[in-house]
Amino acid sequence: MNNHLDEFRDPLLASEMAGKLKAFRCRPCNIMEVCGTHTVSISRYGIRGMLPEGIRLVSGPGCPVCVTPVGYIDAAVQLAQIPDVILTTFGDLMRVPGTSTALLKEKALGRDIRVVLSPLDSVKIAAENPCKKVVFLSVGFETTVPVSALSVMNAESSGIHNYYLLSANKTMPAVLETLASDSEANVDGYLYPGHVSAITGTGFYEKLADKLGTPGVVAGFEPLDILYAVMKLLEFISEGKAEVFNQYSRIVRKEGNAAALEVMNSVFEPCRSYWRGIGEIEGSGLKLREKYRHFDAWQQYGISCGSLSEPAGCMCGPILKGTKKPSDCALFDKVCTPENPVGACMVSSEGTCAAYHKYGGI
Ligand code: SF4
């Protein structure tokens, strides 16, 4: 069956473009694919093998589950162990190891932990269980945060007061600026995340290019999208142009999604946030605004995000910063596998280690 994505997967066009890319001459450089979905597509379609000599595609901090610290899982486990709490979460978080246990293990021990497809389902669970307290594990970027914000607005307008968020939500601009100016990360250009950009628009990328001289291309997720975006980025780098190009214009508008941004900004405000492997970054997280603070599980239960240390031997930190690859980790595919993950990057479907495990490093 034909669908609108077929034109972006055309094998003849892809092979023609891959040939042009391979022949392109450019100084050695690092291109960071910020988004976990890009990491998966790049691995799935073998795009690393189509690059010219000296050009490296490195993964970045674009998987929200992966950048969430161990201490957040510990806090979630602490809440799940309270008898009248129902914990709700997206599926990926269930298997992320905390310091001594994971949510999946806690569920097996009888804790009431439920996987939901949307935070709006959590509000429904709260309405159906007025004698319980329902805590949604709100971990995401600009793509999913507006729906979390909407869930809080819905709970407020419906008079549901037994619903809470444990927010570890993050936003992209501050971390991109941090990495662009980090000499260890050494990013020469960004493949910007298509999904996040659909919400945020492209204005921040232009500011970043002006301020730090780092070019970028907003890219879609099909093979032709990525091949074209990499080619465009290499052109910018080789010509010394700090420009931004929107390759994903079929979805991303310069101004973003005003309605989603308004909902997000009316419920959340920026705060300091810790990113696994990168550290604390001012203004990179989101906490509930004063008006909605009574929905804040951190405040309601007086808990905090404890441990920031990585599991022994795990290299998720440098992998999320683009300075190491999964194959640099001694545990990769030996001790650490999707069935027995040691770190978050092997758990999430968007994690770099999980993508390398499934598709290989090419
Ligand atoms: Fe961490 Fe496992 Fe990846 Fe190694 S392979 S960095 S232990 S998630």
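Helices here are DSSP runs of H or I with at least four residues, and strands are runs of E with at least two.

**View 1. Overall fold of the predicted model.** This structure is a predicted model. By the DSSP count, the protein has 15 helices and 11 strands. The chain runs to 362 residues, and its radius of gyration is 21 Å. A compact globule with that many residues would come out near 21 Å, so the two agree. Along the principal axes, the C-alpha atoms fill a box of roughly 65 × 45 × 45 Å. Buried residues account for 56% of the 362.

**View 2. The ligand and the residues around it.** The ligand sits in the largest cavity. Around the ligand are C314, M315, C316, I319, C329 and L331. The shell also includes F332, C336, V342, G343, M346 and C353. By class, this shell has 11 nonpolar residues and 1 polar residue. No charged residue belongs to the shell.

**View 3. The largest cavity.** The structure holds 2 cavities of 30 Å³ or more. The largest cavity encloses about 90 Å³ of space. Its lining includes C314, M315, C316, C329, L331 and F332. C336, V342, G343, C345, M346 and C353 also line the largest cavity. The lining of the largest cavity divides into 11 nonpolar, 1 polar and no charged residues.

**View 4. The second largest cavity.** About 40 Å³ of space lies in the second largest cavity. Residues from several parts of the sequence line this cavity, among them E33, V34, C35, G36 and T39. S59, G60, G62 and C63 also belong to the lining. L320, E350 and T352 are likewise lining residues of the second largest cavity. Three elements give two or more residues each to this lining: β1 (29-35), α2 (36-44) and β2 (55-62). By class, the second largest cavity is lined by 4 nonpolar, 6 polar and 2 charged residues.

**View 5. Helix α2 and the residue after it.** Helix α2 is one of the elements that line the second largest cavity. Buried means under 20% relative accessible area. In α2, 8 of the 9 residues are buried, so this helix is largely enclosed by the rest of the structure. The buried residues are G36, T37, H38, T39, V40, S41, I42 and S43. G36 and T39 also appear in the lining of the second largest cavity. Just after α2, G46 takes a positive phi of about 65°.

**View 6. The largest pocket.** The largest pocket contains about 400 Å³ of space. Its lining has 20 residues. S167, C271, R272, S273 and W298 lie nearest the centre of the largest pocket. Strands β10 (268-275) and β11 (279-288) each supply at least two lining residues. The lining of the largest pocket splits into 10 nonpolar, 4 polar and 6 charged residues.

**View 7. The second largest pocket.** This pocket has a volume of about 330 Å³. The lining of the second largest pocket has 21 residues. Nearest its centre are P64, G140, F141, T144 and E350. Helices α3 (64-67) and α9 (194-200) give two or more residues to this lining. By class, the second largest pocket has 11 nonpolar, 8 polar and 2 charged lining residues. E350 also lines the second largest cavity.

**View 8. P11 in helix α1.** P11 lies in α1, which spans residues 11-23. The relative accessible area of P11 is 65%. The cut-off for exposed is over 50%, so P11 is exposed. P11 and L224 stand 213 residues apart in sequence. In space, the C-alpha atoms of P11 and L224 are 9.1 Å apart.

**View 9. V77 in helix α4.** V77 is part of α4, residues 70-80. The relative accessibility of V77 is 7%, so V77 counts as buried. V77 and K207 are 130 residues apart along the chain. The C-alpha atoms of V77 and K207 are separated by 40 Å.

Conventions:
Residues numbered from 1 in each chain as written. Predicted model: local features only at pLDDT ≥ 70, side-chain atom pairs only at ≥ 80, totals over all residues. Heavy atoms only, no water. 1 Å grid on protein atoms, 1.4 Å probe; cavity = no way out; pocket = protein on both sides within 12 Å on 5 of 7 lines; lining within 4 Å. Points joined across faces, edges and corners; volume = space filled by probe spheres on them. Nonpolar A, V, L, I, M, F, W, Y, C, P; charged D, E, K, R; others polar. Near = heavy atom within 4 Å. Sits in = over half its atoms within 2 Å of the grid points. Rg over C-alpha atoms; globule rule 2.2 N^0.38 Å. Buried < 20%, exposed > 50% of the residue type's maximum accessible area, 1.4 Å probe, protein only.
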